[in-house]
Amino acid sequence: MEENRQLKEALALLQNYVCTLAEQAGENAEYGERIWEGIRRSEGLLQELAYFYDHNRFLCQYQVAGYTLVDVLIWQVDHFKLYMDRPEEMNRYRQQRLLLAAFDTMLQMEQDPTPFVEKMQDETGQDILK
C-alpha cells in the first residue's frame, strides 16, 4: 500500500514538472498534458524523465530506432541553427522547449521512426550541398 502511494506521488510530481516546463516554454496547458500522457504511457521515456528530474542529466538507456533523447536533442539544435537570423523563434533560448520537443519527437518516433530517422540522417544543420 505504501509503495502504491509513493508511486502515485512520484507520478504526480513528474506530471507537474512536465506541465511547468511546458508553461516555462511558452506552451499551453494542453501541450503539457499531451506530452505527459505520452511519457506516462512509455516505460522507457518515463524512466528517462524520472532520471532527468533526479539528476539533471540524461540516462540515455532508452532508444527508438537506435536513437536516444540526446541524439534527438543534438539533431534539434543542429536543425535550429538554420534559423540563427530569427532568434525570437529559436529554441536555443528556451531550454524547456527543446527538452519537451525531444520527448515529443521520441513519442512520435515510437509510433513511426522512419520519417525522423530520414530527417536526422539527411539534415545536418549545415549549409552544405549534397
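Hi everyone, let me start with one ring: tyrosine 53 has a relative accessibility of 32%, so this residue counts as partly exposed (buried means under 20% relative accessible area, exposed over 50%, partly exposed in between, with a 1.4 Å probe and protein chains only). Before going on, a word on what you see above: this is a predicted model, where local features need pLDDT of at least 70, side-chain atom pairs count only at pLDDT 80 or more, and totals for chains, interfaces and linings use all residues. Residues are numbered from 1 along each chain as its sequence is written, and side-chain values use heavy atoms, with hydrogens and water left out.

Back to our tyrosine. Which residue does tyrosine 53 pair with? The structure holds two aromatic pairs (rings of Phe, Tyr and Trp, the last by its six-membered ring, with centres within 6.5 Å; planes under 30 degrees apart are stacked, over 60 edge-to-face, the rest tilted). In one of them, tyrosine 53 meets tyrosine 17 edge-to-face, with 4.9 Å centre to centre and 75 degrees between the planes. This pair links distant parts of the chain, since tyrosine 17 sits in helix 1 and tyrosine 53 in helix 3, 36 residues apart.

Phenylalanine 52 and phenylalanine 58 also form a pair, this one tilted, at 4.9 Å centre to centre and 35 degrees between the planes. Phenylalanine 52 has a relative accessible area of 11%, so it is buried, while phenylalanine 58, at 22%, counts as partly exposed.

Now to helix 1, the home of tyrosine 17. Helix 1 covers residues 2-24, 23 residues in total, and reaches 33 Å from its first C-alpha to its last. That is close to the expected 33 Å (1.5 Å times one less than the number of residues). Which residues of helix 1 are buried? They are Leu14, Tyr17, Val18, Leu21 and Ala22. These pack against helix 2 (29-41), helix 3 (43-55) and helix 5 (95-111). After the helix comes glycine 26, with a positive phi near 85 degrees.

Finally, the whole chain. There are six helices and zero strands (DSSP runs numbered from the N terminus: H or I, at least four residues, for helices; E, at least two, for strands). Buried residues make up 35% of the 130 residues. Among contacts (heavy atoms within 4.5 Å) between residues at least 6 apart in sequence, 58% join residues at least 24 apart. The chain exposes about 8,400 Å² (Shrake-Rupley method, 1.4 Å probe), and carbon and sulfur atoms supply 49% of that. Thanks for listening!
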